[in-house]
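Colleague: Please take a close look at the second largest pocket for me, and set it beside the largest one.

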Amino acid sequence: MKDSTVSARVENDVKKEAEDILQKLGVPVSVVINSLYRQIIYRHGIPFSLTIPDEPQTLDAMTDAELDAKLQHSYAQSVAGKGRPLKDVFDDLERNLR
């Protein structure tokens, strides 16, 4: 029986963007909040990592040797078939920027 109300202040643009996505998915906000609370109970903590992401090093901050080493490492991974799909890489980058 749902008989409690949760109230929280959030940034307006964050609220709007999240609600737009949930609307497209056809999922009510209350279902997401209830699911989050259930996961907190199930896991005895927050169900996702709370870390400060490392900022990617820019080309300007790298020496020529560091850039060359990174490119050689990436090439070796690619040749060995250890690469990741480009979409996955960009999804991770975008997730870390938020």
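Modeller: Ala, Val, Leu, Ile, Met, Phe, Trp, Tyr, Cys and Pro count as nonpolar, Asp, Glu, Lys and Arg as charged, and the others, Gly among them, as polar. This is a predicted model, in which local features need pLDDT of at least 70 and side-chain atom pairs count only at pLDDT 80 or more, while totals for chains, interfaces and linings use all residues. Residues are numbered from 1 along each chain as its sequence is written, and side-chain values use heavy atoms, leaving out hydrogens and water.

The second largest pocket (an open set of points on a 1 Å grid over the protein atoms alone, where a 1.4 Å probe fits, with protein on both sides within 12 Å along at least five of seven lines) has a volume of about 280 Å³, taken as the space filled by probe spheres set on the points, which are joined across faces, edges and corners. Its lining, meaning residues with an atom within 4 Å of a point, consists of Lys2, Asp3, Ser4, Thr5, Val6, Ser30, Ile33, Asn34 and Tyr37, and by class it holds three nonpolar, four polar and two charged residues. Of these, Tyr37 lies in helix α2, a helix being a DSSP run of H or I with at least four residues, numbered from the N terminus. Tyr37 is partly exposed, at a relative accessible area of 43% (between 20%, under which a residue is buried, and 50%, over which it is exposed, with a 1.4 Å probe and protein chains only).

The largest pocket, for its part, encloses about 750 Å³, and among its 19 lining residues Val10, Val14, Ala18, Val32 and Leu36 are the closest to its centre. Both α1 (12–25) and α2 (29–43) supply at least two residues of that lining, which divides into 13 nonpolar, two polar and four charged residues.
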